[in-house]
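Reader: I want to learn how to read pockets, cavities and odd backbone angles in a model. Can we go through one together?
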Amino acid sequence: MAKISIIGAGNVGATCAYTLLKSNVADIALIDVVEGLAKGKSLDLMQAGAIEGYDKKITGGTDYKDAEGSDIVIITAGLARQPGMSRSDLLGKNAGILKSVLTNITAIVPNAVILVVTNPADAMAQLAYMVTGYSPNRVLGMSGVLDSARYKYFIAQELGVPMASVDGMVIGAHGDSMLPVVSQTRVDGKPLAELLNRDKIDGIINKTKFGGAEIVSYLKTGSAFYAPGAASARMANAILNDKKEILPCSVYAQGQYGLKGIYIGLPARLGRGGAEEIVEVPLSPDETEALGRSVSSAKALLAELTELFADLTNYKNLSQ
Ligand SMILES: NC(=O)c1ccc[n+]([C@@H]2O[C@H](COP(=O)([O-])OP(=O)(O)OC[C@H]3O[C@@H](n4cnc5c(N)ncnc54)[C@H](O)[C@@H]3O)[C@@H](O)[C@H]2O)c1
(Lines give C-alpha, C1' and ligand atoms only; values in the text may rest on other atoms or scores of the structure.)
Protein backbone atom coordinates (compact mmCIF):
# COMPACT_ATOMS: atom_id res chain seq x y z
CA MET A 1 0.00 0.00 0.00
CA ALA A 2 1.56 3.28 -1.10
CA LYS A 3 1.94 5.92 1.60
CA ILE A 4 2.98 9.56 1.62
CA SER A 5 3.67 11.64 4.71
CA ILE A 6 3.32 15.38 4.67
CA ILE A 7 5.08 17.28 7.43
CA GLY A 8 3.46 20.66 7.98
CA ALA A 9 -0.33 20.81 7.73
CA GLY A 10 -0.45 24.48 6.78
CA ASN A 11 -1.58 25.95 3.48
CA VAL A 12 0.82 24.09 1.17
CA GLY A 13 0.76 20.81 3.12
CA ALA A 14 -3.04 20.60 3.28
CA THR A 15 -3.45 21.62 -0.38
CA CYS A 16 -0.92 19.00 -1.42
CA ALA A 17 -2.75 16.38 0.65
CA TYR A 18 -6.07 17.27 -1.00
CA THR A 19 -4.54 17.12 -4.49
CA LEU A 20 -2.97 13.74 -3.77
CA LEU A 21 -6.16 12.33 -2.29
CA LYS A 22 -8.13 13.41 -5.34
CA SER A 23 -5.73 11.46 -7.55
CA ASN A 24 -6.22 8.42 -5.26
CA VAL A 25 -2.54 7.46 -5.31
CA ALA A 26 -1.64 6.83 -1.70
CA ASP A 27 -2.69 6.87 1.93
CA ILE A 28 -1.52 10.02 3.64
CA ALA A 29 -0.18 10.90 7.08
CA LEU A 30 -0.38 14.60 7.86
CA ILE A 31 1.87 15.74 10.71
CA ASP A 32 2.17 19.18 12.31
CA VAL A 33 3.71 20.49 15.49
CA VAL A 34 0.50 22.42 16.35
CA GLU A 35 -1.81 20.24 18.46
CA GLY A 36 -5.07 19.42 16.67
CA LEU A 37 -4.23 21.11 13.34
CA ALA A 38 -3.31 18.01 11.33
CA LYS A 39 -6.01 15.98 13.10
CA GLY A 40 -8.74 18.49 12.26
CA LYS A 41 -7.65 18.90 8.65
CA SER A 42 -7.34 15.14 8.13
CA LEU A 43 -10.91 14.57 9.33
CA ASP A 44 -12.15 17.33 7.03
CA LEU A 45 -10.22 15.78 4.12
CA MET A 46 -11.58 12.28 4.87
CA GLN A 47 -15.12 13.64 4.85
CA ALA A 48 -14.51 15.42 1.52
CA GLY A 49 -13.85 11.95 0.10
CA ALA A 50 -17.55 11.13 0.41
CA ILE A 51 -18.21 13.98 -2.02
CA GLU A 52 -15.13 13.74 -4.22
CA GLY A 53 -15.19 9.96 -4.45
CA TYR A 54 -11.74 9.13 -3.15
CA ASP A 55 -11.30 6.45 -0.54
CA LYS A 56 -7.65 6.59 0.47
CA LYS A 57 -7.01 7.00 4.16
CA ILE A 58 -5.59 10.16 5.71
CA THR A 59 -4.50 10.44 9.33
CA GLY A 60 -3.44 13.57 11.16
CA GLY A 61 -1.48 14.22 14.33
CA THR A 62 1.70 15.42 15.98
CA ASP A 63 3.40 12.03 16.29
CA TYR A 64 6.07 11.12 13.76
CA LYS A 65 5.23 7.44 14.28
CA ASP A 66 2.32 8.09 11.88
CA ALA A 67 4.92 8.49 9.11
CA GLU A 68 6.09 4.88 9.48
CA GLY A 69 6.14 2.95 6.19
CA SER A 70 6.01 6.05 3.98
CA ASP A 71 7.39 5.85 0.45
CA ILE A 72 7.71 9.62 0.23
CA VAL A 73 7.96 12.33 2.88
CA ILE A 74 7.00 15.83 1.73
CA ILE A 75 8.29 18.56 4.04
CA THR A 76 6.28 21.78 4.08
CA ALA A 77 6.94 22.67 7.73
CA GLY A 78 8.26 26.15 8.25
CA LEU A 79 7.59 29.84 7.97
CA ALA A 80 6.18 31.32 4.78
CA ARG A 81 7.11 34.69 3.32
CA GLN A 82 5.39 37.89 4.39
CA PRO A 83 5.23 41.02 2.21
CA GLY A 84 8.69 42.50 1.66
CA MET A 85 10.50 39.27 2.48
CA SER A 86 12.59 37.24 0.05
CA ARG A 87 12.74 33.45 0.29
CA SER A 88 16.31 33.76 1.56
CA ASP A 89 15.10 35.76 4.59
CA LEU A 90 13.56 32.51 5.87
CA LEU A 91 16.91 30.69 5.93
CA GLY A 92 17.84 30.64 9.63
CA LYS A 93 14.40 29.95 11.13
CA ASN A 94 13.41 27.32 8.58
CA ALA A 95 16.77 25.56 8.77
CA GLY A 96 16.21 25.13 12.52
CA ILE A 97 12.73 23.69 11.90
CA LEU A 98 13.96 21.43 9.11
CA LYS A 99 16.76 20.00 11.22
CA SER A 100 14.31 18.89 13.89
CA VAL A 101 11.86 17.48 11.32
CA LEU A 102 14.65 15.56 9.56
CA THR A 103 15.97 14.06 12.78
CA ASN A 104 12.51 12.58 13.38
CA ILE A 105 12.09 11.45 9.79
CA THR A 106 15.43 9.65 9.46
CA ALA A 107 14.66 7.68 12.62
CA ILE A 108 11.19 6.61 11.51
CA VAL A 109 11.36 6.37 7.71
CA PRO A 110 14.96 5.61 6.76
CA ASN A 111 14.11 4.47 3.23
CA ALA A 112 11.75 7.17 1.96
CA VAL A 113 12.31 9.72 -0.78
CA ILE A 114 12.38 13.19 0.79
CA LEU A 115 10.75 16.06 -1.05
CA VAL A 116 11.57 19.43 0.49
CA VAL A 117 9.14 22.27 -0.15
CA THR A 118 10.13 24.58 2.73
CA ASN A 119 11.91 27.73 1.54
CA PRO A 120 14.53 28.65 0.59
CA ALA A 121 14.04 25.36 -1.25
CA ASP A 122 17.51 24.75 -2.72
CA ALA A 123 19.32 25.44 0.55
CA MET A 124 16.75 23.40 2.50
CA ALA A 125 17.12 20.45 0.10
CA GLN A 126 20.89 20.66 0.54
CA LEU A 127 20.43 20.75 4.30
CA ALA A 128 18.19 17.68 4.07
CA TYR A 129 20.83 15.89 2.02
CA MET A 130 23.48 16.68 4.61
CA VAL A 131 21.41 15.87 7.70
CA THR A 132 19.87 12.62 6.42
CA GLY A 133 23.02 11.18 4.85
CA TYR A 134 20.77 9.72 2.12
CA SER A 135 21.95 9.30 -1.45
CA PRO A 136 21.29 12.51 -3.39
CA ASN A 137 18.68 10.97 -5.72
CA ARG A 138 16.46 10.38 -2.65
CA VAL A 139 16.50 14.02 -1.55
CA LEU A 140 15.02 16.66 -3.81
CA GLY A 141 13.40 20.06 -3.59
CA MET A 142 10.25 21.49 -5.15
CA SER A 143 10.96 24.60 -7.21
CA GLY A 144 10.92 24.35 -11.00
CA VAL A 145 7.50 22.72 -11.37
CA LEU A 146 5.97 25.76 -9.68
CA ASP A 147 8.16 28.33 -11.41
CA SER A 148 7.50 26.68 -14.79
CA ALA A 149 3.75 26.74 -14.14
CA ARG A 150 3.95 30.49 -13.58
CA TYR A 151 6.09 30.92 -16.70
CA LYS A 152 3.60 28.93 -18.81
CA TYR A 153 0.68 30.87 -17.36
CA PHE A 154 2.23 34.25 -18.23
CA ILE A 155 3.10 33.08 -21.79
CA ALA A 156 -0.43 31.75 -22.33
CA GLN A 157 -1.88 35.03 -21.05
CA GLU A 158 0.31 37.10 -23.36
CA LEU A 159 -0.45 35.02 -26.45
CA GLY A 160 -4.07 34.19 -25.64
CA VAL A 161 -3.49 30.45 -26.03
CA PRO A 162 -4.38 27.54 -23.71
CA MET A 163 -1.74 26.81 -21.09
CA ALA A 164 -1.50 23.27 -22.48
CA SER A 165 -0.09 24.74 -25.72
CA VAL A 166 3.00 25.98 -23.87
CA ASP A 167 6.01 23.78 -23.34
CA GLY A 168 8.71 25.41 -21.26
CA MET A 169 10.67 25.10 -18.07
CA VAL A 170 12.41 27.18 -15.45
CA ILE A 171 15.72 26.05 -13.98
CA GLY A 172 18.28 27.57 -11.60
CA ALA A 173 17.79 28.69 -8.02
CA HIS A 174 14.27 29.04 -6.60
CA GLY A 175 14.66 32.78 -6.16
CA ASP A 176 15.13 36.00 -8.08
CA SER A 177 17.93 34.47 -10.20
CA MET A 178 15.74 31.64 -11.58
CA LEU A 179 16.12 31.03 -15.28
CA PRO A 180 13.25 30.45 -17.70
CA VAL A 181 14.84 28.51 -20.57
CA VAL A 182 13.56 30.64 -23.44
CA SER A 183 15.66 28.88 -26.12
CA GLN A 184 13.77 25.62 -25.44
CA THR A 185 10.31 27.13 -24.98
CA ARG A 186 7.74 26.18 -27.60
CA VAL A 187 4.12 27.22 -28.11
CA ASP A 188 2.24 24.68 -30.19
CA GLY A 189 5.64 23.54 -31.41
CA LYS A 190 6.88 27.03 -32.42
CA PRO A 191 9.86 28.64 -30.65
CA LEU A 192 8.73 31.42 -28.29
CA ALA A 193 11.27 33.82 -29.84
CA GLU A 194 9.36 33.60 -33.15
CA LEU A 195 6.10 34.60 -31.47
CA LEU A 196 7.10 37.43 -29.14
CA ASN A 197 9.73 40.17 -29.31
CA ARG A 198 12.55 40.39 -26.76
CA ASP A 199 10.82 43.08 -24.66
CA LYS A 200 7.70 40.96 -24.25
CA ILE A 201 9.78 37.90 -23.38
CA ASP A 202 11.77 39.89 -20.82
CA GLY A 203 8.47 41.07 -19.31
CA ILE A 204 7.33 37.44 -18.95
CA ILE A 205 10.66 36.43 -17.40
CA ASN A 206 10.31 39.24 -14.90
CA LYS A 207 6.72 38.35 -14.01
CA THR A 208 7.76 34.71 -13.56
CA LYS A 209 10.60 35.65 -11.21
CA PHE A 210 8.36 37.81 -9.09
CA GLY A 211 5.15 35.80 -9.48
CA GLY A 212 5.45 34.47 -5.93
CA ALA A 213 6.15 37.91 -4.46
CA GLU A 214 3.14 39.34 -6.32
CA ILE A 215 0.87 36.81 -4.61
CA VAL A 216 2.47 37.51 -1.21
CA SER A 217 1.81 41.22 -1.72
CA TYR A 218 -1.93 40.53 -2.20
CA LEU A 219 -2.31 37.88 0.51
CA LYS A 220 -0.35 39.89 3.10
CA THR A 221 -0.37 37.02 5.62
CA GLY A 222 1.51 34.28 3.78
CA SER A 223 2.48 32.99 0.38
CA ALA A 224 0.98 31.04 -2.53
CA PHE A 225 -0.26 27.54 -1.82
CA TYR A 226 -2.62 26.18 -4.50
CA ALA A 227 0.04 25.97 -7.22
CA PRO A 228 2.81 24.97 -4.75
CA GLY A 229 0.57 22.23 -3.32
CA ALA A 230 -0.29 20.98 -6.81
CA ALA A 231 3.39 21.11 -7.88
CA SER A 232 4.46 19.03 -4.87
CA ALA A 233 1.69 16.51 -5.53
CA ARG A 234 2.70 16.25 -9.20
CA MET A 235 6.28 15.40 -8.22
CA ALA A 236 5.15 12.87 -5.60
CA ASN A 237 2.88 11.27 -8.18
CA ALA A 238 5.73 10.95 -10.71
CA ILE A 239 7.95 9.35 -8.06
CA LEU A 240 5.37 7.00 -6.59
CA ASN A 241 4.11 5.79 -9.95
CA ASP A 242 7.62 5.47 -11.37
CA LYS A 243 6.61 7.68 -14.28
CA LYS A 244 10.17 8.57 -15.38
CA GLU A 245 8.73 12.00 -16.12
CA ILE A 246 11.21 14.82 -16.62
CA LEU A 247 10.39 17.72 -14.31
CA PRO A 248 12.56 20.61 -13.18
CA CYS A 249 13.38 20.17 -9.48
CA SER A 250 16.05 21.13 -7.01
CA VAL A 251 18.58 18.33 -7.36
CA TYR A 252 22.17 17.65 -6.40
CA ALA A 253 24.42 18.39 -9.39
CA GLN A 254 27.33 16.01 -9.76
CA GLY A 255 29.03 17.30 -12.89
CA GLN A 256 25.94 17.89 -15.03
CA TYR A 257 25.86 21.34 -16.63
CA GLY A 258 29.44 21.72 -15.35
CA LEU A 259 28.10 22.03 -11.77
CA LYS A 260 29.11 20.03 -8.75
CA GLY A 261 28.17 19.67 -5.09
CA ILE A 262 25.19 22.02 -5.07
CA TYR A 263 21.40 21.70 -5.01
CA ILE A 264 19.95 23.74 -7.83
CA GLY A 265 16.93 23.59 -10.15
CA LEU A 266 17.62 21.30 -13.12
CA PRO A 267 15.47 18.95 -15.23
CA ALA A 268 15.37 15.52 -13.58
CA ARG A 269 13.81 12.18 -14.43
CA LEU A 270 11.52 11.21 -11.55
CA GLY A 271 10.77 7.60 -10.67
CA ARG A 272 10.68 5.26 -7.68
CA GLY A 273 14.34 6.04 -7.01
CA GLY A 274 13.54 9.76 -6.69
CA ALA A 275 15.55 12.00 -9.01
CA GLU A 276 16.92 9.11 -11.05
CA GLU A 277 18.81 11.19 -13.61
CA ILE A 278 19.64 14.83 -14.18
CA VAL A 279 18.82 15.50 -17.81
CA GLU A 280 20.98 17.92 -19.80
CA VAL A 281 19.07 20.12 -22.23
CA PRO A 282 20.90 22.48 -24.59
CA LEU A 283 21.25 26.04 -23.27
CA SER A 284 22.22 29.15 -25.21
CA PRO A 285 25.49 30.87 -24.16
CA ASP A 286 23.46 33.59 -22.39
CA GLU A 287 21.45 30.96 -20.52
CA THR A 288 24.61 29.10 -19.49
CA GLU A 289 25.94 32.36 -18.09
CA ALA A 290 22.67 33.10 -16.29
CA LEU A 291 22.68 29.60 -14.78
CA GLY A 292 26.19 30.29 -13.48
CA ARG A 293 24.97 33.49 -11.79
CA SER A 294 22.03 31.62 -10.30
CA VAL A 295 24.35 28.96 -8.91
CA SER A 296 26.51 31.69 -7.35
CA SER A 297 23.46 33.01 -5.50
CA ALA A 298 22.60 29.48 -4.29
CA LYS A 299 26.20 29.05 -3.11
CA ALA A 300 26.09 32.34 -1.21
CA LEU A 301 22.98 31.16 0.62
CA LEU A 302 24.64 27.85 1.38
CA ALA A 303 27.66 29.65 2.81
CA GLU A 304 25.29 31.61 5.06
CA LEU A 305 23.68 28.37 6.16
CA THR A 306 27.02 26.79 7.02
CA GLU A 307 27.94 29.88 9.00
CA LEU A 308 24.66 29.78 10.93
CA PHE A 309 24.95 26.07 11.72
CA ALA A 310 28.58 25.22 12.35
CA ASP A 311 27.60 21.61 13.22
CA LEU A 312 26.68 20.95 9.56
CA THR A 313 30.31 20.08 8.91
CA ASN A 314 29.82 16.99 11.12
CA TYR A 315 27.18 15.42 8.91
CA LYS A 316 27.77 12.43 6.69
CA ASN A 317 26.99 14.10 3.38
CA LEU A 318 29.03 17.20 2.82
CA SER A 319 28.89 19.53 -0.16
CA GLN A 320 31.99 19.32 -2.33
N1 LIG B 1 9.37 25.47 -2.76
C2 LIG B 1 8.38 26.24 -3.16
O3 LIG B 1 8.20 26.51 -4.32
C4 LIG B 1 7.41 26.79 -2.13
C5 LIG B 1 6.18 27.33 -2.52
C6 LIG B 1 5.31 27.81 -1.54
C7 LIG B 1 5.66 27.75 -0.20
N8 LIG B 1 6.87 27.24 0.12
C9 LIG B 1 7.31 27.16 1.51
O10 LIG B 1 6.60 26.12 2.16
C11 LIG B 1 6.56 26.39 3.56
C12 LIG B 1 5.11 26.25 4.05
O13 LIG B 1 4.31 27.25 3.49
P14 LIG B 1 2.78 27.37 3.93
O15 LIG B 1 2.18 28.44 3.10
O16 LIG B 1 2.16 26.02 3.98
O17 LIG B 1 2.96 27.91 5.42
P18 LIG B 1 1.93 27.71 6.64
O19 LIG B 1 2.35 28.67 7.69
O20 LIG B 1 0.54 27.75 6.15
O21 LIG B 1 2.23 26.21 7.14
C22 LIG B 1 3.44 25.84 7.73
C23 LIG B 1 3.11 24.79 8.74
O24 LIG B 1 4.34 24.26 9.26
C25 LIG B 1 4.07 23.89 10.62
N26 LIG B 1 5.31 23.70 11.34
C27 LIG B 1 6.18 24.62 11.79
N28 LIG B 1 7.19 24.03 12.45
C29 LIG B 1 6.98 22.70 12.41
C30 LIG B 1 7.66 21.56 12.91
N31 LIG B 1 8.80 21.68 13.60
N32 LIG B 1 7.13 20.34 12.68
C33 LIG B 1 5.98 20.20 12.00
N34 LIG B 1 5.28 21.25 11.50
C35 LIG B 1 5.77 22.48 11.71
C36 LIG B 1 3.24 25.04 11.13
O37 LIG B 1 2.55 24.71 12.32
C38 LIG B 1 2.32 25.30 9.95
O39 LIG B 1 1.09 24.59 10.08
C40 LIG B 1 7.15 27.79 3.72
O41 LIG B 1 8.52 27.70 4.09
C42 LIG B 1 7.04 28.39 2.34
O43 LIG B 1 7.99 29.40 2.10
C44 LIG B 1 7.74 26.76 -0.80
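Reader: Which element gives the largest share of the lining of the second largest pocket?

Author: The model is a predicted one. To read a lining, sort its residues by helix and strand. Here α5 comes out ahead, with five residues in the lining of the second largest pocket. Helix α8 (226-240) and strand β12 (245-254) also supply at least two residues each, as does α5.

Reader: Which residues lie closest to the centre of the second largest pocket?

Author: Start with the space, then go to its centre. The second largest pocket holds about 400 Å³. It is lined by 19 residues, and Val 145, Ser 148, Lys 152, Arg 234 and Leu 247 are the closest to its centre. Then take the classes. The lining of the second largest pocket has 12 nonpolar, four polar and three charged residues.

Reader: Now the largest pocket. Where does it lie with respect to domain 1 and domain 2?

Author: Look at who supplies the lining. The protein is divided into domain 1 (3-141) and domain 2 (144-302). Both domains give residues to the lining of the largest pocket, so this pocket lies between them. The centres of the two domains, taken over C-alpha atoms, are 22 Å apart. The contact between the domains takes 37 residues from domain 1 and 43 residues from domain 2.

Reader: What is the volume of the largest pocket, and how many residues line it?

Author: The volume is about 730 Å³. The lining counts 40 residues, with Thr 76, Ala 77, Gly 78, Leu 79 and Ala 80 nearest the centre of the pocket. Four helices each supply at least two lining residues: α1 (11-22), α3 (91-108), α5 (144-159) and α7 (211-219). Helix α3 gives the most, with five. By class, the lining of the largest pocket has 19 nonpolar, 17 polar and four charged residues.

Reader: Ile 215 is in α7. Is Ile 215 buried, exposed or partly exposed?

Author: Check relative accessibility against the cut-offs. Buried is under 20% and exposed is over 50%. Ile 215 has 31%, so it counts as partly exposed. Next, see what it touches. Beyond residues up to four places away in sequence, Ile 215 touches Arg 150 and Ala 224. Its C-alpha is 9.7 Å from that of Phe 225, a residue 10 places away in sequence.

Reader: On to cavities. How many cavities of 30 Å³ or more does the structure hold?

Author: One. The space in this largest cavity is about 40 Å³. Its lining includes Ser 143, Asp 147, His 174 and Gly 265. The elements giving two or more residues to this lining are α5 and β8 (170-171). By class, the lining of the largest cavity has four nonpolar, five polar and one charged residues.

Reader: Take His 174 from that lining. What does the side chain of His 174 pair with?

Author: Place the residue before reading its partners. His 174 sits in the loop between β8 and β9 (179-180). Its relative accessible area is 8%, so His 174 is buried. A polar contact of 3.1 Å joins the side chains of His 174 and Arg 87. Beyond neighbours within four places in sequence, His 174 also contacts other residues, including Asn 119, Asp 122 and Leu 146.

Reader: And Ser 294, in α9 (residues 285-308): which residues is Ser 294 in contact with?

Author: Set aside neighbours within four places in sequence. That leaves Gly 172, Ala 173, Ser 177, Met 178 and Ile 264 in contact with Ser 294. Ser 294 counts as buried because its relative accessibility is 0%. Among its contacts, Gly 172, Ala 173 and Met 178 also line the largest cavity.

Reader: Last, the backbone. What should I look for?

Author: Look for exceptions, because most residues other than glycine have a negative phi, and most peptide bonds are trans. Here a cis peptide bond joins Asn 119 and Pro 120, with omega about -5°. Pro 120 lies in the loop between β5 (113-116) and α4 (121-132).

Reader: What is phi in Asp 188 and in Lys 244?

Author: Phi of Asp 188 is near 45°, a positive value. Asp 188 lies in the loop between β10 (186-187) and β11 (190-191). At a relative accessible area of 53%, Asp 188 is exposed. Lys 244 has a positive phi of about 60°. Lys 244 is in the loop between α8 and β12, and at 35% relative accessibility it counts as partly exposed.

How values were computed. Residues are numbered from 1 along each chain as its sequence is written. This is a predicted model: local features need pLDDT of at least 70, side-chain atom pairs count only at pLDDT 80 or more; totals for chains, interfaces and linings use all residues. Side-chain values use heavy atoms; hydrogens and water are left out. On a 1 Å grid over the protein atoms alone, a cavity is a set of points where a 1.4 Å probe fits but cannot get out, and a pocket is an open set with protein on both sides within 12 Å along at least five of seven lines; lining residues have an atom within 4 Å of a point. Grid points are joined across faces, edges and corners, and a volume is the space filled by probe spheres set on the points. Ala, Val, Leu, Ile, Met, Phe, Trp, Tyr, Cys and Pro count as nonpolar, Asp, Glu, Lys and Arg as charged, and the others, Gly among them, as polar. Domain bounds come from an automatic or database domain assignment. Buried means under 20% relative accessible area, exposed over 50%, partly exposed in between (1.4 Å probe, protein chains only). Contact means heavy atoms within 4.5 Å. A polar contact is a pair of N or O atoms within 3.5 Å; within protein, one must be able to donate a hydrogen and the other to accept it, and residues adjacent in sequence count only if both atoms are side-chain atoms.
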